Each structure stands twice: as C-alpha cells, then as structure tokens.
Amino acid sequence: MISIKSAREIDLMRATCQLAAQTLEYIAPFVKVGVTTEEINSLCHEFIVARGAYPSPLNYHGFPRSVCTSLNEVICHGIPSKSDVIKDGDILNIDVTTYLNKFHGDTNKTFLVGKVSDEVKKLVDVTYLCMREAIKTVRPGGHIGDIGAIIQEIAHSHGYSVVEDYCGHGIGREFHEAPQVVHVGKAGTGPEMKPGMTFTIEPMINLGAKEGKVLKDGWTVVTRDKKWSAQFEHTILVTSNGHEILTLRKEELI
Ligand code: MF3
Ligand code: CO
Ligand code: CO
C-alpha cells in the first residue's frame, strides 16, 4: 500500500527533508583531499543530532554508521572508515537520511574532488541530468514507470548502464516504504502517481556494466568491473499540479 500524506504529515516531511538537505550543504566544504570518510561521518552525525534528529542509517538492519559514503567504484552503501582517505580526482557520494519528528528525509549527492577526469565528470553530470529529468515526470496521473523510462533513455544514450539491484522507494514514517521506484522501465507502467505520495528518485549510473557485488563487510556494493559509478537522490512529493523537491538545496538552481 502506498501511503498518502496529509497536509500535516507533508509539513513534517518538509522539515526532515530540509534537515537532510542542509546536512549536505554543511558537509560540502569538508569534502577535500586528506579527509577520511570516518571524519565525514562524525561531522554529519553531530550536525544531525544537534538539531534534534536521528541519522536513519545508524543501526538500520545493522548498518554501523550514520551516513553512507561511496567512493569511485562503490555503487552505494559504502561504510565510512578511518582507512578511506579522500584523494585528488575521487568522486564521493554522501547519502544522508534524517529522522525528525517521526519522519524520514533522504538525499544524496556525488561530490567531485580536485582534478576529476573529463570522462568521470561527464558521468556525474549525466547522472544528475537523469535524476533531474526523472523528477520532471512526477505529477498526478503519471506512472512510476515514467521515471525509469527517462533515466534509462538518457543513460543509455551516453553508453552508460543503470543499476537495477537497488531502487528508489516510498518514504515517510518508514525509511523504505512502497512503492519501489525502479530506475529502468517503460513509461505508463507501474503505480499511478497521486497527490500526497512521497518517494525518492536515486539513479545509480555506471561507466561500465550494471552488475554489482556486495563486499565481505555485508554492505559495500562495488561494480563487478571496478569502473566508477555515480548517484544523486532527492525525496519528491507529488502535489496537486506537479511535484515539490522536498530535499532541494539552496545552491541548486532548478
Ligand atoms: N539512504 C539509502 C537510500 O537511499 C539507504 C541506506 S541504507 C543503509 O535508500 F543501511 F545503508 F544505511
Ligand atoms: Co533512498
Ligand atoms: Co539515500
């Protein structure tokens, strides 16, 4: 069942989603050569708890940290670590989910560090475009399949692959609720979008093949071919005449 949020629930979603967005704004200047992903984790953790919220990933199905940090060939669910030191030319996705007043807000961004190769920079730009164009399909009467269709079309037109093993998701009182938001598919298929639905769009786009594997730590998902992967995520509300990007940051002019 896909939950429809009331006006009051939507206000609470706005608040938690804006806290998640502000956490990404706050952490941006710390994403620099020599910083460890463990330090990124601690700073995000303190920022979130100082504002009366809880970092949703912490202890979620046993996840051991407060944010996910996914470097280069890591597709998603990277575990912050003292031994992961950010290097020049890296790309780092930081995935922040906050739990505030009983509601979750989920957003992530891939940061470029120093001199990133043109090939990888283009991957990151196209991944953002995939998310952005997918968001534009969100409106009452649309279908969840419209999202995957446009993402797939854009990614494939650049020779990239779309990860299928992990999806976007409904979000609200639960971190992951119905519907599943698959990032490939066919327009006009899947559940119909209705005002009051809230879900994430979070395409993971690979330079090489779509296949991933989970490392022995039980969480970190890397590409099988070790080629790099990028991701962006927003939490979206279906409104009466379109959508609202609940996790939109001030810096994003869209
Ligand atoms: N934030 C991720 C998502 O976008 C989920 C992370 S689950 C965790 O759905 F356990 F790895 F934190
Ligand atoms: Co998510
Ligand atoms: Co997320």
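## A ligand and its neighbours

How many Å separate an oxygen atom of ligand 1 from an N or O atom in the side chain of His176? The gap is 2.8 Å. Keep in mind as you look around that this is a predicted model.

His176 has company. Ligand 1 is surrounded by 14 residues, and the closest are Asp95, Asp106, His176, Glu202 and Glu233. If you sort the residues of that shell by type, you get six nonpolar, four polar and four charged.

Two acidic side chains also make polar contacts here. Asp106 has a polar side-chain atom 3.0 Å from an oxygen atom of ligand 1. In Glu233, an N or O atom of the side chain is 3.0 Å from an oxygen atom of ligand 1. On its own, ligand 1 would expose 340 Å², but the protein buries 96% of that. And where does ligand 1 sit? Look in the largest pocket.

## The cobalt ion called ligand 2

Now for the metals. On the protein side, the cobalt ion (ligand 2) is held by Asp106 (OD), His169 (NE2), Glu202 (OE) and Glu233 (OE), with distances of 2.0 to 2.2 Å. Follow the chain and you'll find these donor residues spaced as D-x62-H-x32-E-x30-E.

Why is the arrangement around the cobalt ion (ligand 2) irregular? It's because the angles among its six donor atoms run from 52 to 162 degrees. For comparison, six octahedral donors would ideally give angles of 90 or 180 degrees.

## The cobalt ion called ligand 3

The other site uses Asp95 twice: the cobalt ion (ligand 3) is coordinated by two OD entries from Asp95, plus Asp106 (OD) and Glu233 (OE), at 2.1 to 2.4 Å. Along the chain, the spacing of the donors reads D-x10-D-x126-E.

This site counts as irregular too, with angles of 58 to 168 degrees among the six donor atoms of the cobalt ion (ligand 3).

## Where the two sites meet

Which residue bridges the cobalt ion (ligand 2) and the cobalt ion (ligand 3)? That's Asp106, and the two ions lie 3.3 Å apart. Glu233 turns up in both places as well: its OE is listed as a donor for the cobalt ion (ligand 2) and for the cobalt ion (ligand 3).

So here's a handy way to explore the picture: start at Asp106, which bridges the two cobalt ions and is also among the residues closest to ligand 1.

Terms used: Residues are numbered from 1 along each chain as its sequence is written. Chains are lettered from A and ligands numbered from 1 in the order in which they are written. This is a predicted model: local features need pLDDT of at least 70, side-chain atom pairs count only at pLDDT 80 or more; totals for chains, interfaces and linings use all residues. Side-chain values use heavy atoms; hydrogens and water are left out. A residue is near a molecule or strand if one of its heavy atoms lies within 4 Å of it. A polar contact is a pair of N or O atoms within 3.5 Å; within protein, one must be able to donate a hydrogen and the other to accept it, and residues adjacent in sequence count only if both atoms are side-chain atoms. Accessible areas come from the Shrake-Rupley method with a 1.4 Å probe; for residues, only the protein chains shown count as cover. On a 1 Å grid over the protein atoms alone, a cavity is a set of points where a 1.4 Å probe fits but cannot get out, and a pocket is an open set with protein on both sides within 12 Å along at least five of seven lines; lining residues have an atom within 4 Å of a point. A molecule sits in a cavity or pocket if more than half of its atoms lie within 2 Å of its grid points. Ala, Val, Leu, Ile, Met, Phe, Trp, Tyr, Cys and Pro count as nonpolar, Asp, Glu, Lys and Arg as charged, and the others, Gly among them, as polar. Donors are N, O and S atoms within 2.8 Å of the metal (3.2 Å for Na, K and Ca); water is not among the atoms, so sites may look incomplete. Four donors count as tetrahedral if all angles lie between 85 and 135 degrees; four count as square planar and six as octahedral if opposite donors are over 155 degrees apart and all others between 65 and 115; anything else is irregular.
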